[in-house]
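Trainee: Could you give me a close look at one sheet in this model, and then set it in the context of the rest of the protein?

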Amino acid sequence: INVALTHPFPDYDEYCGFDVLGVFIHDSGYTAKHDSSIKYARRDNSAYLVNADGYTRWMNPNEYTVPGIGGYTPGVLGNMGQAWSATVNPYKYYCNGLNASERLADHYLSAAMVNDRGVFRAGSTNTRRYNLDFPLVGGNPIISFQYAVVVSWVEPAHIPPWNVPGDWSYEANMVEPFHVTMDTDGSTMYYNGASDNGGDMILTLEIFDQGARTDPSSVEGQIDLITVESPNSFINGTNNTQSFTSADWTTSPGSTQVSQKFILDCGAVNPQGPDPEHNPILVSVRSDNGSWDTGASTPYPSGRPRLYQDFNVPMTSWSPDAPGNVQNFEASDGDELLNNHRIELTWDALANVDNFVIERYEYNLQYESWDWQELATPLGSATQYLDNGARYCGNLNPVEYRIKGENADGQSPSWAEDAGYPKMRRIGITFWCAADNGSGLNAVVPWTRAVIDHTDANNFYSGYGYEFIMENSGQFFWMTNLAYRHITGGEDDAMHAEFGQLNPHSQYINVYYVASAYGDSSMAYNRAWCPGTQHRTTTTYIVMGQEARTICPGSDELDIILAHELGHALCRFWDIYLLDLNGNLRMDDGTTCSINTWCNGLPPFSPSEVPPMFCDEDAAYPEEPGAFYKTPKNLMWYSFCGSPVSHYDMTVDQYIYASERLQSMESGYPNP
């Protein structure tokens, strides 16, 4: 289910919250071995949040017994009058800019989101997707639960704030870490049967803590203890528990500015079965300061705050005679020596291997989900592989790969992984301007306007693997026919026929600057054709009014306009804001996307001719009135003054569709 939380005070920015947790409360079935007061659920015995961002002790009904601020108050949408036994409960994390199904670790790859510090802005609505597994009784799920909303906050430096979130000290954020991920790279764990199992576990935990931004020691300066335990005998150690301090772990940089990787050598383990569910662990990460006290003079548990997380550890079919792990696996990053959408994979030679298995992380547009798919199985003598079908992308969304060696005795213990991207996909663009003569007399805009628009468009699309190459050389191509200075009807098609459809300009996306279009000097539009076989540069072009960039009050500009129009011309995306039927800056009805008469005057086409991404309902990031500064904004949603190009993005299905479209036109796009 999708669960939306709405901040109730849109006019009071001083009440922006931080690190908001939507806590799912239910029963426990397990008692932690490092601390008997910790009661938690696993999937085999209770309702379970499968995709939890973490587990927290905050506001559990057993220890925060006084309702109200700082205590546990039963939610009116949950089951009332039940006693819930868990003292730590799973949660989903909420903040502005975090999409419903987005991985929290991916969210903080963005520098803009790091700077936002997990803020939940006043008046905004944010949504997260909960994957809930309820117990079955007589074949029917028993749907019962409670919940809590936990918000971190301190008073800002100014009321109302001058800057969000800059007016808040880091004390406004959670004191403990808010997220942790796990991998077991380098481990040799295997389970081939009850009498053939063993190996060592190397646990790499990437821990996310807002305090890492201001601590010279990163996350390590914010925590002092990590415990790893198993409810069965999977983990060795006293009471199946191991504790780690700075003397025991090693660290490496995290993937984000708010994370750090901690490598824990757990030594020999006792795998209990072949599936991850057979080998559970509970991880606990303790803050080096703070307490569970909310400051509201209500009961609270003792000790320092901790982040908890429940993991299932995957096994492999590895045995001592199987290949070891692949070393120095690398995917190329924008290699100019490779052809379009090519990525080269390289690795060190590996002994005792018959062949390798290479998988690529693929997105399924139909099901809107990612999964690993086998790409190739090169022979064991190979040390490189050329992926000839990689999607176009960039450093914002590189292609992920993984590799193992295999022989008759099994596979490498762990996958080696890396991500890469092909060289930029070059796309021609040409700029025209209405003027009185061939010298540019009374040009409707200066040449610097085209340069800035071109730069902004490239700044947006470079992260997705595209670069617009300008045909012009230091000045416009001029349109001296006065009929094209003000577009009132069919002059635009005539204009394009006179200039853009002639070689060599027909090989480029043509952009025409005019004084006004249909009586509006701030109008910008793309002439789009369908079905897709008609959407070529000979029939598709962009018209820009002379004030289409400078219509904002003051000095702010609309940096995104040309990039937005190129979303139509290049990718065939629709204006998503057209789904805002009542004009309140929120999407109202998605049925428009399924109507087959979107071809503006042309007869309707069959559903197979309607491109799936011409309109993407999921790409609508509705802006709450009064919260136009929310980021990111979707390229095809509303554009707002004062929001730079860096505050916009595409959804994953948008850029996957765009890549597939351009790959289908490898003979050269744009082309006639």
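Mentor: In this predicted model, three strands make up an open sheet in the order β24-β25-β28, with antiparallel pairing. Strands here are DSSP runs of E with at least two residues, helices are runs of H or I with at least four, and both are numbered from the N terminus; two strands pair if DSSP finds at least two bridges between them. The edges of the sheet are β24 (330–331) and β28 (384–387), each of which pairs on one side only. Look at β24 next to β25 (residues 343–346): two bridges hold this antiparallel pair, and E330 stands opposite T346 of β25.

A word on how to read the model: residues are numbered from 1 along each chain as its sequence is written, and side-chain values use heavy atoms, with hydrogens and water left out. Since it is predicted, local features need pLDDT of at least 70 and side-chain atom pairs count only at pLDDT 80 or more, while totals for chains, interfaces and linings use all residues.

For comparison, try another antiparallel pair, β15 (residues 190–193) with β16 (residues 196–198), joined by three bridges. A hairpin of two residues links β15 to β16, and G193 faces D196 of β16.

These strands belong to a protein with six helices and 41 strands. Of its 672 residues, 52% are buried, that is, under 20% relative accessible area, against over 50% for exposed and in between for partly exposed (1.4 Å probe, protein chains only). Among contacts (heavy atoms within 4.5 Å) between residues at least 6 apart in sequence, 72% join residues at least 24 apart.

Now for the interior. The largest nonpolar core has 64 residues, and F460, Y461 and Y513 have the most contacts inside it; such a core is a set of buried Ala, Val, Leu, Ile, Met, Phe, Trp, Tyr and Cys residues joined through side-chain atoms within 4.5 Å. Elements that each supply at least two of its residues include α3 (447–461), β36 (509–514) and α6 (652–663), but the largest share, seven residues, comes from α5. Leaving aside residues up to four places away in sequence, Y461 touches Y466, F468, A563, L566, G567, L570, L635 and M650. A second, separate core holds 50 residues, among them W84, Y93, C95 and V180.

Strand β36 also contains I509, which is buried at 2% relative accessible area. The C-alpha atoms of I509 and E471 are 9.8 Å apart, with their positions 38 residues apart along the chain.

β36 turns up again at helix α4 (residues 491–498), where E491, D492, M495 and H496 are buried. Those four lie on the same side of α4, because they cover an arc of only 135° around the axis, taken from the directions from the helix axis to the C-beta atoms. Their cover includes β34, β35 (486–487), β36, β38 (524–527) and β39.

One last stop is R121, in the loop between β8 (119–120) and β9 (125–129). Is R121 buried or exposed? R121 counts as buried, at 6% relative accessibility, and its side chain makes a polar contact of 2.7 Å with that of D116. A polar contact is a pair of N or O atoms within 3.5 Å; within protein, one must be able to donate a hydrogen and the other to accept it, and residues adjacent in sequence count only if both atoms are side-chain atoms.
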